[in-house]
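I am opening a fresh notebook page for this structure. My plan is to start with the terms, then go to the whole chain, then to one sheet.

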Amino acid sequence: MSAQPSGLEEELLHSDTLLIGGFLHVKRDRVRLPNGNESIREFIVHPGAVVLIPLLDNGDVVLERQFRYPIGQTMVEFPAGKLDPGEAPINCALRELREETGYTASEWAYAGCMHLAIAYSTELIHIYFVRGLVLGSRDLDQDEFLDVFTAPAKQFIAWCTDGTVTDAKSVTCALYLQQFLEGNKPLSWLPTPSTRGVER
């Protein structure tokens with residue numbers, strides 16, 4: 001899609017920060033609409049994140065179960081995590097893969113990105129495929145609890161179709177995964193000798 005002006009843009013008139021949290025900020029902006037009227041926009045400023053589609057040689061994918069407090073449910077998800085300040089997305093992806101699952105990857109490919117909740121959040125999630133996985137030890141944060149398991153890729157796609165999996169980033173990844181398996185999602189694979197100095 002073109003980034004050219006569409007005539008639908010809104011002009012910022014005033015901005016207030018309502019909350020500065022540990023990594024999320026909440027803002028309330030007053031804007032001028034295309035018809036000249038004014039309105040209020042409340043939204044969350046997010047540092048950005050990554051999500052991984054880890055492919056095992058046997059056709060399975062690596063998944064996680066994690067309790068998500070805001071909705072009070074244990075969710076099935078692909079490995080993911082937020083960017084640290086100044087961190088390149090691929091470095092974040094490889095770090096999260098090792099810390100959460102214990103796997104390291106010999107190859108990675110950038111698949112694209114998604115805006116998680118465009119009506120109220122700036123969050124942009126970068127999507128990576130990884131393969132050539134070798135299992136080692138996890139390095140979870142002290143207050144991080146999750147189960148790692150594997151499932152056939154087609155089974156995971158079916159879970160996204162039948163509503164077993166409802167996590168938005170993982171459902172989006174299921175589309176990418178299905179396209180990849182059908183040969184409709186070409187990827188440029190790159191080696192991952194280390195997690196340092198790798199830029200997207």
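I begin with a term I need for the hairpins: two strands count as paired if DSSP finds at least two bridges between them. I also note that this is a predicted model.

**Entry 1: the whole chain**

I looked up the secondary structure. The chain has three helices and 11 strands. I then read the order from the N terminus: β-β-β-β-β-β-β-α-β-β-β-α-α-β. I checked the extent next. Along the principal axes, the C-alpha atoms fill a box of roughly 60 × 40 × 40 Å.

**Entry 2: inside and outside**

What share of the 200 residues is buried? I found 40%. For this I took buried to mean under 20% relative accessible area. The exposed surface of the chain comes to about 11700 Å². Carbon and sulfur atoms supply 52% of that area.

I turned to contacts with a separation of 6 or more. Residues 24 or more positions apart account for 60% of them.

I also looked at the charges. The chain carries 17 positive and 27 negative ones. How far apart are their mean positions? They lie 2 Å apart.

**Entry 3: E1 and E2**

I moved on to strand E1, residues 11-20, and strand E2, residues 25-32. They run antiparallel and are joined by eight bridges. A hairpin of four residues links E1 to E2. I picked out two facing pairs. Leu 12 stands opposite Val 31 in E2. His 14 has Arg 30 of E2 as its bridge partner.

I added a reminder on strands as such. In a regular strand, side chains alternate between the two faces of the sheet.

**Entry 4: E2 and E3**

Next came strand E3, residues 38-45. E2 pairs with E3 over eight bridges, in the antiparallel sense. Lys 27 stands opposite Phe 43 in E3. This hairpin has five residues between its strands. Which residue in the turn has a positive phi? I found Gly 36, at about 95°.

**Entry 5: the sheet they make**

I put the three strands together. They form an open sheet in the order E1-E2-E3, with antiparallel pairing. Which are the edge strands? They are E1 and E3, and each pairs on one side only. From one strand to the next, the twist averages 20°.

I closed the page with a general note. Strands of a sheet pair through backbone hydrogen bonds, either parallel or antiparallel.

How values were computed: Residues numbered from 1 in each chain as written. Predicted model: local features only at pLDDT ≥ 70, side-chain atom pairs only at ≥ 80, totals over all residues. Heavy atoms only, no water. Helix = DSSP H or I, 4+ residues; strand = E, 2+ residues; numbered from the N terminus. Buried < 20%, exposed > 50% of the residue type's maximum accessible area, 1.4 Å probe, protein only. Contact = heavy atoms within 4.5 Å. Areas by Shrake-Rupley, 256 points an atom, 1.4 Å probe, with all protein chains shown as cover. Lys, Arg positive; Asp, Glu negative; His and termini not counted. Charge placed at Lys NZ, Arg CZ, Asp CG, Glu CD. Axes fitted to C-alpha atoms, helices over the stretch in contact; angles between N-to-C directions.
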